[in-house]
Amino acid sequence: MDETDPGDPESLRDAVLRHARGTLGREWDDLSPRERLAAVSWATRERILGRMLATERRWRRTDAKRVAYLSMEFLMGRSLENNLRNLGLWDECRAGLAELGVDVEELAASEADAALGNGGLGRLAACFLDAMASLDVPGYGYGINYEYGLFRQSIDGGWQRERPDAWRALGTPWLVERADEAVVVPLRGHIEHVDGEGPLGGHWLGWDVLVGVPHDMPVVGHGGRTVNALRLYSARASDEFDIAIFNEGDYLEAVRRKMESETVSKVLYPPDGDERGRELRLVQEYFFTSCAIQDIVKAYLRDHDDLAGLPDKVAIQLNDTHPALAVAELMRVLMDEHGLGWDAAWSITTRTLAYTNHTLLPEALECWSAALLRRVLPRHLQIVEHIDHRFQGEVGARFPGDEARRARMAIVDRGGHEPMVRMAHLAIVGSHSVNGVARLHSELVKSQLVPDFHGMWPERFNNKTNGVTHRRWLAGCNPELAALLDDALGTAWRDDLTLLRGLEPFADDASFREDFLRIKHANKERLATIVEHTAHVPIDPCSLFDVQAKRIHEYKRQLLMALGVVHEYLELLDGRTPPVPRSSLFAGKAAPGYWAARQHIKFINSIARVIDADPRARDWMRVAFVPDYRVSLAERMIPAADLSEQISTAGMEASGTGNMKFALNGALTLGTLDGANIEIRDEVGEENIFIFGLTADEVAQHRERGSYRPRELYEQVPELRRVLDALDGDLFSSGSGTHFRWIKDALLDGGDPFFVLADLPAWIVTQQRVGRLFADPHAWARKAVLNVARMGFFSSDRTVREYARDIWHVPVRDVQAPRSSCSDPITLVEPPS
């Protein structure tokens, strides 16, 4: 099939029936629900692959500069509905399947999420791939084809339980295996030094081999004109067995080595609490990075002879520090495999690579022991140490005599009991651009995280505030609201989200607000059904849906909201009823080894159990922890939320993207001045957002001066004392065998490092304002409509345009130009020279 395949309902229906017989070997009426999903997916895939091949021909014909986006995570979600919508075939498929007696929405909802990520890092990467394809940017993702995702979460007795997420156990039509493009990845072995060849002399010998087999997942841009690919690598042994070992008679050892090799792509983020786990994590990062770098260089050399031109034809973006070994790997490939000298290879490397920082948390800034690198990647450690040596000389020349600065900036930190390689420092030194992902975050990167690097290379640092793809996170997940926007504004906003500004006058239109509230209520009814089915808590769609859905972490402060709920419950027991009934909904996963986060899930579920059992509270309060938060669940929770809790400790959240998705779908934000909340406030207006709590500067001052004393707060603020004292007894522990006194002790005696008690009184007061406003539906709806209207800045299209202009130097499609067919030339906006 090619890019001209018809998309009428009859043709789609015929293609589905053809795949039922030809691919699955059954008549349509004999197919199981899973097989029907497969038949429709195969019929959709054949239309996509023709366009993907046409896209690749176009890039090669025009010798377009390509973007390679390297990330450990790509949280793609379900593919069928998203692909059909971007192809413009959703309605046609609905009509064609209706003739076969099938509801396309039910069918699409039965697809498993592609479990290739955990949270915001992976969802951002997926949004960027969508934006690049929609803007006609030759952008390709590189990652790992995990056999198992993070985990499937269930709740048992209030505790999180994990089970394997074998998302592709039954096969998937969305991955195209390219076995003939497999990559050989060397590791371990040793360096045999040669006299007279200097610090980089010698040969890497005796290495083991992993084979990376690529699988391409098509990424369909809006309108279907451009289809790029996400290339995911599966690890395989060098042969089905090590024949030498097998021939020696040790069959079990041959099998063991094969299984050990393939473990590399088994699971996302294996536990790294011991040396074996840390080695596996390091090998994972190196494996996909090496596969990507080798594939990029090979693809470049298909059409070019001189590697000196690589930076003019390829931009490589490192999504956090996981792929930071790309610095050493690109140097290795250029020098060892293509014979370039150090200076030429270093110039190519630094002009090709760019690094995005995603965190200010020290524990998330990866460091690897030099001993581990020497054992697993001896040649790469040799290259890293030489990069560090030359860089230290550069620092010494710029800042003579400042040994403390040299130590702070060193890539190899030799100040501890063993040398450690700082991957963020390696990424900064080896890249031409370093960006943060929100205005505040980027300033904190420069002023707090790596001020010495900013002082040395201020021109290298920049901000690129994150964005989300409105095609999935509004048009796809909230089609009724999208149709309302189409009626009010036309459909051009789907290409250019800034056109939502035209919605502002409708905030004062009572009829429009009625339609807006009706759509919100329908979304809440759908979510209420899910909550009752999965969390076994009935919630009233007329209540205020107060939602905190994100990865469970202390700095994200699910504990703050939980303690706030305890306060509201205690107030209710004293006869002080809130302005409106409220349903407090939590969702998110805790890392299996993160004790405190797992305890917080148990605490939330214990609160939910107590409130659900109390007839005094049922009409006013409901609390539910909705299990197994993932893309497809987010697509139901986000359109239904009234209030979006974005309450991280100020100065600790890099950006957040959930905050953008909720506001785009008409939820008001309750948030601290952290991450992108600041820019959301600036866009939607202070009067249309609920801001509370300490600022990042105030938090930093408390930490610097040691002036924050939570026990004094406890003694001075009756609300705090009452809430914490409620944890002393059995109110939330009765019958569970688990007591939560430890939370009180940790906050009062552990220093409350995330300032939960400092911000809880302000959260309580702000929530009273929230309740009073929600009691006036049209006043609430007016602010919600204005939030939707003013979220145009937070499109991932805008973010990708900024990367393309400032970092990658690639042209993007002009959204003002009409969309063209697959074979027509594109109207492009060139980046500045």
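## A walk from K266 to S644

Select K266 to begin: its relative accessibility is 28%, so this lysine counts as partly exposed (that class runs between buried, under 20% relative accessible area, and exposed, over 50%, with a 1.4 Å probe and protein chains only). Before going further, note that this is a predicted model, in which local features need pLDDT of at least 70 and side-chain atom pairs count only at pLDDT 80 or more, while totals for chains, interfaces and linings use all residues. Residues are numbered from 1 along each chain as its sequence is written, and side-chain values use heavy atoms, with hydrogens and water left out.

**Stop 1: the partner of K266**

Now add E147 to the selection. The two residues form a salt bridge, with their closest N and O atoms 2.8 Å apart (the term means a side-chain nitrogen of Lys or Arg within 4 Å of a carboxyl oxygen of Asp or Glu). E147 sits in the loop between β2 (139-144) and β3 (152-156), and K266 in the loop between α8 (251-262) and α9 (275-303), so the pair ties together parts that are 119 residues apart in sequence. Helices (H or I, at least four residues) and strands (E, at least two) are DSSP runs, numbered from the N terminus. Like its partner, E147 is partly exposed, here at 27% relative accessibility.

**Stop 2: colour by domain**

Next, colour the chain by its domains: domain 1 (1-62 + 79-112), domain 2 (63-78 + 113-463) and domain 3 (470-694 + 759-791). These bounds come from an automatic or database domain assignment. Show domain 1 and domain 2, whose C-alpha centres lie 34 Å apart. Their contact takes 26 residues from domain 1 and 32 residues from domain 2, where contact means heavy atoms within 4.5 Å. Together the two domains bury about 2,600 Å², of which 50% is on carbon and sulfur atoms; buried area is the accessible area (1.4 Å probe) that two parts lose on being put together, summed over both.

How many salt bridges are there between domain 1 and domain 2? The count is 3. To see a salt bridge at its longer end of the scale, no further search is needed than D136 and R58, whose side chains meet at 4.0 Å, N to O. Polar contacts across this interface amount to 20 residue pairs, both residues being at pLDDT 80 or more. A polar contact is a pair of N or O atoms within 3.5 Å; within protein, one must be able to donate a hydrogen and the other to accept it, and residues adjacent in sequence count only if both atoms are side-chain atoms.Stay on the side of domain 1 that touches domain 2, and select α2 (33-61), α3 (80-87) and α5 (104-109), each of which supplies at least two residues there. Of these, α2 gives the most, with 15 residues. By class, this side of domain 1 has 10 nonpolar, 8 polar and 8 charged residues. Here Ala, Val, Leu, Ile, Met, Phe, Trp, Tyr, Cys and Pro count as nonpolar, Asp, Glu, Lys and Arg as charged, and the others, Gly among them, as polar.

**Stop 3: R231**

Move on to strand β10 (residues 227-237) and pick out R231. Is this arginine buried or exposed? R231 is buried, because its relative accessible area is 9%. Leaving aside neighbours within four places in sequence, R231 is in contact with G141, Y142, G143, R178, E181, P214, H215, D216 and D295. Zoom in on D216, whose side chain is joined to that of R231 by a polar contact of 2.7 Å. If you would like a distance to draw, try the C-alpha atoms of R231 and L107: they are separated by 26 Å, and the two residues are 124 apart along the chain.

**Stop 4: more charged pairs**

Side chains of opposite charge can pair when their charged atoms come close. A search of the whole structure finds 76 salt bridges, so here are some to visit.

- Select E403 and R406, whose side chains meet in a salt bridge of 3.7 Å, N to O. Both lie in helix α15 (residues 403-409), 3 residues apart, about one turn of the helix. E403 is partly exposed at a relative accessible area of 49%, and R406 is partly exposed at 25%.
- Select E480 and R526, another salt bridge, at 3.4 Å from N to O. E480 is in helix α20 (residues 479-489) and R526 in helix α21 (residues 510-534), so this pair ties together parts that are 46 residues apart in sequence. Relative accessibility is 36% for E480, which counts as partly exposed, and 36% for R526, also partly exposed.
- Select R188, D208, E275, R278, E279 and R375, which are joined into one network by salt bridges that share partners.

**Last stop: S644**

Finish at strand β21 (residues 643-646), where S644 is found. With 0% relative accessibility, S644 counts as buried. Which residues does S644 touch, not counting those up to four places away in sequence? They are V547, F662, A667, L668, T669 and L670.
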